[in-house]
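Please open the model in your viewer and keep the sequence panel beside it, since each stop on this tour begins with a selection. We will go from open space to enclosed space, then to a sheet, and finish with charged pairs.

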Amino acid sequence: MASETASIVIIGGGAIGLGVAYHLAKRGAEDVVLLERNQLTSGTSWHAAGIVGPLRSSINLTRLAIYATELFQSLEEETGQSTGYRQTGGLWLAQSQARLTELKRIAAMGELTGLDARIVSPGHVHDLIPHMRTDDLAGALWVSEDGQANPVDVCMAYAKGARAGGVKIREGVDVIGIATDWGAIRTVRTRDGENIRCNKLIVCGGAWSRHLGAMAGVPIPLQAVEHMYIVTESMSDLASPFPVVRDLDGRIYLKEDAGKVVLGGFEPDAKVWDPLGPEGDRPFLELPEDWEQFEPFMMAGLNRYPGLETAGVQHFMNGPESFTPDTRQLMGESPSIKGFFVAAGFNSIGLMSSAGVGKVMADWLIDGAAPMDLWDVDIARFEPVSAAPRFLAARIPEAVSDQFAMHWPFKQKTTGRGLRRSPLHCSFEAAGAVFGAPTEWERPLWFATDQDERTFDYSYGAQCWWGAAAREAEATRNRVALYELTPFTKIDVAGPDAVRLLEHVCANTIDVEEGRAVYTQMLNARGGIEADVTVTRTGETAFRIVSGAATRWKDVAWLKRWRDTLELKVEIVDASSSEAVLGVMGPHARALLGALSSANFSNDGFPFATAQTIDIGMALVRATRVSFVGELGWELYVPNEFAEHVHETLVGAGADYGIAHAGHFCLDACRIEKGFRHWGHDIGPDDTPLEAGLGFAVAWDKPGGFLGRDALLRQRERGVVRKLVLFKVDDGDDGPPLLLHDEPVYRSGKLVGQTTSGARGFRTGDNLCLATVALADIPAQEFLAGDFEVSVAGGTYRATPLKKPAYDPSGARMRG
């Protein structure tokens with residue numbers, strides 16, 4: 001059996017795999033091998049529509065996409081291979097005021113990233129494309145940097161550049177096995193009997209990636225569907241240049257290609273396609289024409305561009321395209337297998353993504369860490385169950401439809417629901433819970449008092465749940481409220497080297513007395529925040545770590561990899577599914593718990609930031625005195641089998657104390673009133689504790705230091721250049737703006753930053769947001785004394801920076 005050794009193996013010779021190969025070559029990586037089972041581009045890249053649209057859903061993803069507009073030009077000059085790239089501009093059409101509001105918010109992303117993105121009138125659209133119908137439009141978004149490229153040409157240019165840099169590209173090599181050893185990648189086995197030993201592997205196999213991941217036990221949650229477009233015969237009188245058109249409400253896109261028009265769309269009922277089926281191995285696969293499925297697109301196209309009625313159809317393209325459950329791609333290192341990387345599931349934007357993704361994945365592979373915050377697309381954001389075939393078959397058609405559907409604030413998925421439920425799900429449902437599942441965990445968003453309140457009416461204005469959340473906030477402030485916190489990540493760390501591990505990865509001091517709870521961040525080497533956690537010492541060599549629901553796999557992997565790197569004797573156990581968690585919050589929490597337990601809940605008996613095992617009714621639970629809502633309160637960690645009893649006991653006795661259930665939306669509003677940071681929104685791997693206002697949680701002088709300390713010391717010495725600030729935002733003439741994230745922030749009319757999260761504060765009555773702002777070499781105090789505004793959907797609103805939290809700035813209520 002032949003064998004070979006490589007430093008990095010790339011599986012997949014499409015746009016993504018070749019983009020990674022090209023950038024590895026540019027970084028000077030040696031012994032890189034790319035394996036393509038058929039011919040380059042023969043999977044899905046060859047039939048890509050070729051649209052290059054840099055405006056994406058987040059700042060970092062937009063920055064990655066912008067890189068394509070630069071590289072596709074220089075790539076042609078470097079390799080001599082044409083890419084077919086040209087900038088045409090693009091139009092995003094709105095047929096309703098709600099859609100126009102959405103586009104105004106999207107335009108702000110363009111401003112934040114330096115794109116020329118602006119709202120234009122229907123008349124302006126008509127001027128750009130005279131033969132297109134515009135009388136039914138409310139307006140449009142114009143993006144000057146939109147364009148198109150030839151997907152095969154781009155791939156060939158990547159391949160030429162990669163080969164010139166020493167990458168071996170091997171076609172006709174089918175991977176049939178991936179071997180691991182002690183949780184790390186070791187060998188790739190091919191159909192011709194060859195074994196290629198490697199320490200790093202990246203799967204860029206498009207629709208076939210889930211199957212490749214399964215060979216190593218790595219769940220890759222993507223699913224292929226049939227995806228269609230048509231190409232007309234040559235048409236006269238086409239605008240030149242012809243902008244890329246996205247008719248979002250019609251679910252279609254149009255672009256010009258060599259005097260022809262390409263018309264495609266995103267199906268509301270996409271047909272799932274099995275890449276392991278009888279035709280899955282055929283290169284340059286075309287599926288049968290399906291005019292019945294395509295008919296809604298054809299009708300929408302005729303409505304938008306009537307000239308299509310007399311144009312012949314030259315080609316009907318129906319090919320496989322892979323999508324993910326949340327319509328964002330999958331990137332990064334598997335949290336379960338060291339050295340197993342993924343770049344797949346690009347939801348029809350693979351060509352455009354290939355440049356930026358190739359660059360950052362090459363950096364990640366070589367340097368061992370992501371070069372920027374990529375949590376939005378990190379494969380670790382998904383639970384393994386998200387790769388279950390039945391879940392994907394249910395969810396993916398909705399994901400495809402969502403590409404051009406309204407992107408309402410707080411929108412919840414409707415398919416693949418009910419997958420993960422806490423032991424208290426039915427009890428909360430009986431109490432009126434309206435559920436959402438942002439991390440596949442069903443959790444109460446709010447509690448309704450009647451059937452009308454159960455209906456989720458989406459809006460860019462006042463939210464249907466504000467009334468319910470206001471009631472819940474009132475109970476939290478004046479009485480006692482019960483919060484469902486079961487989805488929290490719960491990790492038990494134990495062993496003779498547990499203290500050494502946690503002191504290394506945590507910025508705060510963890511070697512404290514038993515029963516103390518420590519708020520801390522885990523940092524990367526750059527000083528960026530990889531996790532925002534509470535660590536409780538439960539024994540001499542035992543600790544419990546609690547973090548957010550979405551980061552379970554990431555946080556467990558981070559701890560295990562540092563344990564293995566440092567060669568420590570530590571057991572790390574994910575206990576997230578073993579316990580229910582209830583938050584008992586409000587000024588009556590002490591009295592209620594005291595009536596149900598023999599424990600002493602006074603400040604002396606149960607100080608803030610401590611934990612004890614206590615009795616509630618007939619059950620034993622672990623109680624931790626902390627609060628994410630800023631009130632007196634305890635989090636109760638309850639073994640699943642006792643959860644119903646504890647809940648019933650609390651609710652039964654709570655009637656005398658005015659108890660009420662409270663949902664996730666109320667909790668989020670309360671935490672923003674307190675200025676509490678949320679990892680993944682306000683803070684992340686690109687943000688340091690000093691920038692985030694979390695320097696109080698850094699133990700600068702603890703023995704042995706901590707990961708990221710050197711970078712923080714350098715930053716402390718030179719001073720921060722940006723800062724996370726809490727703002728109070730004034731109402732406008734049309735009432736309070738809906739603050740979400742990524743809204744531009746101005747100081748004296750100059751763009752200085754963007755919001756990271758926002759909420760209506762129901763206890764304060766204030767509209768609040770956290771925002772990252774650049775200080776521009778101005779001392780922080782002087783900078784914050786300026787005049788600030790926040791732009792929301794094109795309107796501007798006066799904003800006042802707050803030096804202290806809007807609610808209970810002294811923290812007396814929480815610590816009282």
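Bear in mind throughout that this is a predicted model.

Begin with the second largest pocket, which holds about 1,200 Å³ of space. Select Glu333, Gly368, Ala557, Trp558 and Arg561, which are the closest to its centre among the 47 residues that line the pocket. If you then colour β12 (184-190), α8 (350-367) and α13 (552-566), you will have marked elements that each supply at least two residues of this lining, and α13 gives the most, with twelve residues. By class, the lining of this pocket divides into 22 nonpolar, eight polar and 17 charged residues.

Next, turn to the enclosed spaces, of which the whole structure has four of 30 Å³ or more. The largest cavity has a volume of about 140 Å³, and to centre the view on it you can select Phe410, Trp465, Gly758, Ala759 and Arg760, the closest to its centre of the 14 lining residues. Both α16 (664-673) and β38 (750-760) supply at least two residues of that lining, which comprises ten nonpolar, two polar and two charged residues.

Now return to β12 and show its sheet, an open one of four strands in the order β1-β13-β12-β11, with mixed pairing. Because β1 (3-5) and β11 (175-181) stand at the edges with a single partner strand each, one side of each is left without a neighbour in the sheet. Neighbouring strands here are turned by 25 degrees against each other on average, direction ignored. Look along β11 and β12, which pair in the antiparallel sense over six bridges, and find Thr180 opposite Ile185 in β12.

The last stop concerns salt bridges, of which the whole structure has 50. Select Asp367 and Arg27, whose closest N and O atoms are 3.0 Å apart; as Asp367 lies in helix α8 and Arg27 in the loop between α1 (15-26) and β3 (32-36), the pair ties together parts that are 340 residues apart in sequence. Asp367 is partly exposed, at 48% relative accessible area, and Arg27 is partly exposed too, at 37%.

Which residue does the side chain of Glu631 meet in a salt bridge? The partner is Arg813, at 2.9 Å from N to O. Glu631 is buried, with a relative accessible area of 1%, whereas Arg813 is partly exposed at 30%.

Finally, select Arg133, Asp135, Asp136, Asp247 and Arg304 together, since they are linked in a network of salt bridges.

Conventions. Residues are numbered from 1 along each chain as its sequence is written. This is a predicted model: local features need pLDDT of at least 70, side-chain atom pairs count only at pLDDT 80 or more; totals for chains, interfaces and linings use all residues. Side-chain values use heavy atoms; hydrogens and water are left out. On a 1 Å grid over the protein atoms alone, a cavity is a set of points where a 1.4 Å probe fits but cannot get out, and a pocket is an open set with protein on both sides within 12 Å along at least five of seven lines; lining residues have an atom within 4 Å of a point. Grid points are joined across faces, edges and corners, and a volume is the space filled by probe spheres set on the points. Ala, Val, Leu, Ile, Met, Phe, Trp, Tyr, Cys and Pro count as nonpolar, Asp, Glu, Lys and Arg as charged, and the others, Gly among them, as polar. Two strands pair if DSSP finds at least two bridges between them. Axes are lines fitted to C-alpha atoms, for helices over the stretch in contact, and angles run from 0 to 180 degrees between N-to-C directions. A salt bridge is a side-chain nitrogen of Lys or Arg within 4 Å of a carboxyl oxygen of Asp or Glu. Buried means under 20% relative accessible area, exposed over 50%, partly exposed in between (1.4 Å probe, protein chains only).
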